[in-house]
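The following exercises concern a single protein structure. Each consists of a task and a solution worked in steps.

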Amino acid sequence: MSYTSGLRKFKERPVHVTCPRRSQIADQKAGKMRKDLSLECPYCGLDFLPSECKCIGG
């Protein structure tokens with residue numbers, strides 16, 4: 001495995017995130033969490049920033 005492919009896998013790893021509205025746990029990509037991009041809850045459709053949620057794992 002090359003260095004760049006290892007970094008790509010690290011950014012694509014799933015991180016468990018809790019929705020601020022419904023407290024449902026869903027997996028999001030670690031790259032989105034690091035860049036503080038908008039996330040969408042797959043259960044209720046709420047758009048929120050990673051800084052507004054509780055990160056459980058990763």
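**Exercise 1. Determine the volume of the largest cavity in this predicted model, and characterise its lining.**

Solution.
Step 1. The volume of the largest cavity is about 40 Å³. The structure holds 1 cavity of 30 Å³ or more.
Step 2. The residues that line the largest cavity are Val17, Thr18, Cys19, Gln24, Ala26, Gln28, Glu40, Cys41, Pro42 and Phe48.
Step 3. Two elements give two or more residues to this lining, namely strand 1 (14-18) and strand 2 (25-29).
Step 4. Sorted by class, the lining comprises 6 nonpolar, 3 polar and 1 charged residues.

**Exercise 2. Identify the salt bridge formed by Lys29, and state which parts of the chain the pair ties together.**

Solution.
Step 1. A salt bridge requires a side-chain nitrogen of Lys or Arg within 4 Å of a carboxyl oxygen of Asp or Glu. The closest N and O atoms of Lys29 and Glu12 are 3.2 Å apart, and the two residues form a salt bridge. The count for the structure comes to 1 salt bridge.
Step 2. Lys29 belongs to strand 2 and Glu12 to helix 1 (residues 3-12), so the pair ties together parts that lie 17 residues apart in sequence.
Step 3. The partly exposed class lies between the buried limit, under 20% relative accessible area, and the exposed limit, over 50%. Lys29 counts as partly exposed because its relative accessibility is 45%. Glu12 is likewise partly exposed, at 40% relative accessibility.

**Exercise 3. For Ser23 and Asp36, state the value of phi, then locate each residue and classify its exposure.**

Solution.
Step 1. Ser23 has a phi near 60 degrees, which is a positive value in a residue other than glycine. Phi of Asp36 is also near 60 degrees, again positive in a residue other than glycine.
Step 2. The loop between strand 1 and strand 2 contains Ser23. Asp36 is found in the loop between helix 2 (30-35) and strand 3 (39-40).
Step 3. Ser23 has 52% relative accessibility and therefore counts as exposed. Asp36 has a relative accessible area of 35%, so Asp36 is partly exposed.

**Exercise 4. Which elements of the protein have the lowest and the highest mean pLDDT?**

Solution.
Step 1. For the protein, the mean pLDDT is 80, and 88% of the residues reach 70 or more.
Step 2. Among the elements, the lowest mean pLDDT, 62, belongs to strand 5 (residues 54-55). The highest, 90, belongs to strand 4 (residues 47-48).

Terms used:
Residues numbered from 1 in each chain as written. Heavy atoms only, no water. 1 Å grid on protein atoms, 1.4 Å probe; cavity = no way out; pocket = protein on both sides within 12 Å on 5 of 7 lines; lining within 4 Å. Points joined across faces, edges and corners; volume = space filled by probe spheres on them. Helix = DSSP H or I, 4+ residues; strand = E, 2+ residues; numbered from the N terminus. Nonpolar A, V, L, I, M, F, W, Y, C, P; charged D, E, K, R; others polar. pLDDT = per-residue confidence, 0-100. Buried < 20%, exposed > 50% of the residue type's maximum accessible area, 1.4 Å probe, protein only.
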